[in-house]
Amino acid sequence: MKPLAVTWRLIVTEPADGALNMAVDELLAEGVRSGESPAFRLYSWSLPCLSLGRNQPAVGRYDVEALRSAGIGVVRRPTGGRAVLHDAEVTYSVAAPARAWGSARRAYRAINEVLLEAIASLGGAAHVHPADQRPLTPLSTTPCFAEPAPGEVVADGRKLIGSAQLCERGVLLQHGSIPLRRSRALDRLPVELRGLIDGRPAHLENIVGIAVPPERLEEAVSSAWRGRIGAVEPGSLTEAEVGRAEVLAGRYRSDEWTWRQ
Amino acid sequence: MAIVPEDLHYTSEHEWVRRTDEENVVEVGITDYAQSELGDVVFVELPAVGNRYDLMQGFGTIEAVKAVSELYSPVAGEVVAVNQGLDTSPALVNTDPYGDGWMIRVRVSSPADLDQLLDAAAYNELIG
């Protein structure tokens with residue numbers, strides 16, 4: 001089902017640090033709130049970065065010095081879920097009116113179908129993790145990729161894509177990570193810390209059988225988006241938006257936000 | 001089929017409001033329909049007692065698996081109590097949304113706000 005009879009903004013941004021990446025996603029959601037077209041964004045990270053879920057416990061749980069020495073940044077997302085190490089990956093985000101799919105769960109499903117189609121077009125076999133009756137694990141430092149939740153994209157028994165959402169003042173923001181291969185930054189960490197931040201994703205190159213250049217995955221996802229969700233108009237952020245994103249990045253650079261709990 | 005108690009008032013954002021024995025103090029939570037749409041609740045971020053909110057201003061957030069949603073104050077007023085039990089047992093919102101899963105109690109600053117809320121029949125119609 002195509003949820004909105006509109007042309008989506010397709011924004012592909014340059015690699016940026018964690019704070020700016022989160023700020024741009026927030027900016028796109030803010031834009032939708034003020035009447036801009038819904039947006040679909042593809043991006044990457046200028047340095048490896050651990051993103052924390054909005055409400056997950058983190059203070060005292062991670063060796064920040066060891067992360068810094070390994071060249072890994074830390075940012076807290078505006079969305080839910082648990083920690084994700086972003087490195088060799090393609091990250092996507094979607095900002096749209098919350099009513100577009102009727103509910104956050106339906107949006108999750110619809111967006112995952114786009115991603116599944118993109119992966120299939122690259123020759124990868126993946127599927128949506130079914131609902132199960134296991135008791136829910138409370139929010140913790142267990143990495144996002146360690147446990148697939150119902151509705152998430154899995155392959156070969158491991159989680160392939162980790163996504164999270166924020167529904168705020170009528171706008172849905174969903175973003176997610178599609179790891180292409182194992183992060184080499186992990187090798188620079190002590191073993192215990194490695195286990196704390198690496199959920200051992202399926203990794204696209206293992207599923208497809210060959211290394212997938214990020215541009216190829218971006219093209220596959222954009223094409224699936226056009227087919228399943230709607231027309232896209234490739235564009236970039238305006239100068240005013242870039243300035244606004246820098247302002248919004250302030251929150252994501254602050255210890256007060258990152259280490260709020 | 002979601003449970004919609006007859007004696008409560010509702011908002012289009014799926015909050016419920018219950019009058020308490022104390023004059024102009026109401027109890028607020030989210031509906032059975034809302035909790036079932038959200039799925040398993042893992043975290044509820046509630047305000048401090050004494051905070052004041054305008055009508056439909058965000059007073060907190062709720063996180064179900066991976067999804068954070070804002071909670072809106074169905075009335076303008078001052079928070080006089082918060083449900084501390086949700087700190088350790090957020091799933092009460094799923095298991096008992098109209099009872100132990102309550103979220104805040106608010107001293108209403110403008111009692112006329114209560115007249116603008118939906119009754120059970122109107123809310124039932126909204127959720128279809």
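Which residue in strand 7 of chain B is the bridge partner of A:Gln165? The legends below take up this point in a predicted model.

**View 1. Strand 7 of chain B pairs with strand 10 of chain A.** The bridge partner of A:Gln165 is B:Ala67, in strand 7 of chain B. The two strands are joined by three bridges. They run parallel. Strand 10 of chain A covers residues 162-168. Strands of a sheet pair through backbone hydrogen bonds, in either a parallel or an antiparallel sense.

**View 2. Chain B touches chain A through 13 of its residues.** On the chain A side, 19 residues are in contact with them. Two elements of chain B give two or more residues each to this side: strand 4 (41-45) and strand 7 (67-72). Strand 7 of chain B gives the most, with four residues. By character, the chain B side divides into six charged, five nonpolar and two polar residues.

**View 3. Six strands of chain B form an open sheet.** The strand order is 1-2-3-9-8-5. Pairing is antiparallel. Strand 1 (9-10) and strand 5 (52-53) of chain B are the edge strands. Each of these edge strands pairs on one side only.

**View 4. Strand 2 and strand 3 of chain B pair in the antiparallel sense.** Strand 2 covers residues 15-19, and strand 3 covers residues 25-30. Five bridges link the two strands. Where does B:Glu15 stand in this pairing? B:Glu15 is opposite B:Ile30, a residue of strand 3 of chain B. In the order of the open sheet, strand 3 is followed by strand 9.

**View 5. Chain B holds four helices and nine strands.** From the N terminus, the elements run β-β-β-α-β-β-β-β-β-α-α-β-α. The C-alpha atoms fill a box of roughly 35 × 35 × 25 Å along the principal axes. Why does the radius of gyration of chain B agree with a compact globule? A compact globule of 128 residues would have a radius of gyration near 14 Å, and chain B has 13 Å, so the two agree.

**View 6. Burial and contacts within chain B.** How much of chain B counts as buried? Of its 128 residues, 47% do. Contacts in chain B with a separation of 6 or more were also sorted by distance along the sequence. Residues 24 or more positions apart account for 63% of these contacts.

Methods
Residues numbered from 1 in each chain as written. Chains lettered and ligands numbered in written order. Predicted model: local features only at pLDDT ≥ 70, side-chain atom pairs only at ≥ 80, totals over all residues. Rg over C-alpha atoms; globule rule 2.2 N^0.38 Å. Buried ≥ 20, exposed ≤ 12 C-beta atoms within 10 Å, placed from the backbone. Contact = placed C-beta atoms within 7 Å. Nonpolar A, V, L, I, M, F, W, Y, C, P; charged D, E, K, R; others polar. Pairing = 2+ DSSP bridges.
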